[in-house]
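The following exercises concern strand pairing, burial and surface patches. Please work through each task before reading its solution.

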Amino acid sequence: MKYIVALDQGTTSSRAVVIDEKGRKVAAKSLEYKQIYPQPGWVEHDPFDILNTQTETIKLAVSLAGIDPHDIAAIGITNQRETTFVWNKETGKPVCNAIVWQCRRTAGEIEKLVKAGKSDMIREKTGLIPDAYFSGSKIAWILKNVPGAMEDAKAGKLLFGTVETWLIWNLTENRVHVSDVSNASRTMLFNIHEMNWDKELLELLDIPESMLPKLVDNSGIVGYLKKDVLGVEIPIAGMAGDQQAALFGQACFEKGMIKTTYGTGGFLLMQTGDNIVESKNGLLSTVAWRINGKTCYALEGSVFVAGAVLQWLRDELKLITSAPESDVIVKTVSDTAGVYLVPAFTGLGAPYWDMYGRGVMVGLTRGATRAHIVRAALESIAFQMADVVETMRLDSGLELNEMRVDGGASVSDFTMQFESDLLNMTVVRPTNIETTAMGAAYLAGLAVGLWKGLDELAALWQADKTFTAQMPRVESEKRMKKWHKAVERAKAWAEDDEE
Ligand code: ADP
């Protein structure tokens, strides 16, 4: 038996998963690491925390699996996207902490770009809506604010990378400096038509090209894991950003297939083949993957708070003691008694993009109970993703009849059924919902010949539960209408709070 070790470097933990050649999970190990909040709205990670926890999980997972490292055919990497690292090429020392995707410190700089009329150009070239979320303005911030950084960067002494770049540079003997095209497409510096770093954008943000990693396909050997980790060199052969990896792990290999990840936030990606679909309604166009030089694109819509609404019910409101308890409570009532909860705690994502939106709960009457509120919270997860799917239907002109789901909150049968009802769509949950790691493993396994092609991978994917619409259309349409009314109440709420 041969194995792949998939590294899943996430925002709160580093994880390694050992997967066998039949696509089965053999063992997994996660380690959490520190979140650093230097100021309100700022988020950082210590680059060495990331490297050390990730390296440790490789050793722990392989030992837990009880396998001989010689039987590991390849390593695959998937990662939190956009998080930005800048380090010194000679010393290997980061010039500062990594700036995390969530960090809002460059919002002002982005506003300047927007005011200067650069939005259309950025959108056209990168497929992205200008935002502090992406790596570009974070690199610019580092060069401007870390003493000596700009000088060193101009002298060719500094390197930039997203997480996979940083890990590979550190985990290979000869310091390989690469980025895969799916991660590159999240930097706001990458031209998705030309599939290259864009000189005009680099100039606009004043970033020297010499810092940028060499671009590579998502599947292919880029280097070898150093011997000192597992006692044997192992090819690093696949990588992709987490959402793209999940799309691949869900075997969405045909144009028009979609997957939604219901994690802390919610992420919907639709495979659009070799077409770059330009959204008119607030979705992003992004690179899904490039294999053997052939690029496949995706349309992406994300919401900030999905499963996290249950963490709020648990930790702040103390209405539940655990997320799974919500599934029990929800069955004690037949509806929400007219309660709607819009969890716009950090603003509204796709398709609204309203950073001043805030959470609201409306429709309360004297009879509203804890169970109604819990039910409204679960429904809010489905409503938000339903808005994204409807937008995708509009932008793509496709009917979209089926969606594959994964992530922690996808285990909620109630929520998945409600989603299916709202959208009149079949919702399918696979047996293995660890699709992010699977995607990275598949990309790596393909490169070393462990799997022969996409057909073989598609056959490894197995449905666990299928949800089909049960609710009459008039009823679901009525609920969507009411939901939109609630969203109107949430919009622009904090607009006048800014100084
Ligand atoms: P991430 O990878 O974004 O950290 P996960 O995919 O691990 O997230 O999912 C975690 C989320 O899943 C949490 O926000 C949690 O509230 C939610 N969750 C876990 N179990 C359930 C459940 N039974 N029903 C609904 N949501 C759940």
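In this predicted model, a patch is built from residues with over 30% relative accessible area and no salt bridge, nonpolar side chains being joined within 5 Å.

**Exercise 1.** Determine which residues make the nonpolar surface patch of about 240 Å², and locate Val 448.

*Solution.* Step 1: the patch consists of Ile 221, Tyr 224 and Val 448. Step 2: Val 448 belongs to the loop that joins α15 (435–447) and α16 (454–460). Step 3: with a relative accessible area of 30%, Val 448 counts as partly exposed.

**Exercise 2.** Identify the strands that pair with β2, and describe the connections.

*Solution.* Step 1: strand β1 (residues 3–9) pairs with β2 in the antiparallel sense over seven bridges. Gln 9 has Ser 14 of β2 as its bridge partner, and three residues separate the two strands of this hairpin. Step 2: strand β3 (residues 25–32) also pairs with β2 in the antiparallel sense, over seven bridges. Here Ala 16 stands opposite Lys 29. Step 3: the β2–β3 hairpin has four residues between its strands, and Gly 23 in the turn shows a positive phi of about 80 degrees.

**Exercise 3.** Establish whether the faces of β2 are covered or open.

*Solution.* Step 1: side chains in a regular strand alternate between the two faces of the sheet. Step 2: one side carries Ser 13, Arg 15, Val 17 and Ile 19, the other Ser 14, Ala 16, Val 18 and Asp 20. Step 3: all of these are buried, and both faces are covered. Step 4: because eight of the eight residues of β2 (residues 13–20) are buried, the strand is largely enclosed by the rest of the structure.

Terms used. Residues numbered from 1 in each chain as written. Predicted model: local features only at pLDDT ≥ 70, side-chain atom pairs only at ≥ 80, totals over all residues. Heavy atoms only, no water. Patch = residues over 30% accessible without salt bridge, like charges linked within 9 Å, V, L, I, M, F, W, Y side chains within 5 Å. Areas by Shrake-Rupley, 256 points an atom, 1.4 Å probe, with all protein chains shown as cover. Salt bridge = Lys/Arg side-chain N within 4 Å of Asp/Glu carboxyl O. Buried < 20%, exposed > 50% of the residue type's maximum accessible area, 1.4 Å probe, protein only. Pairing = 2+ DSSP bridges.
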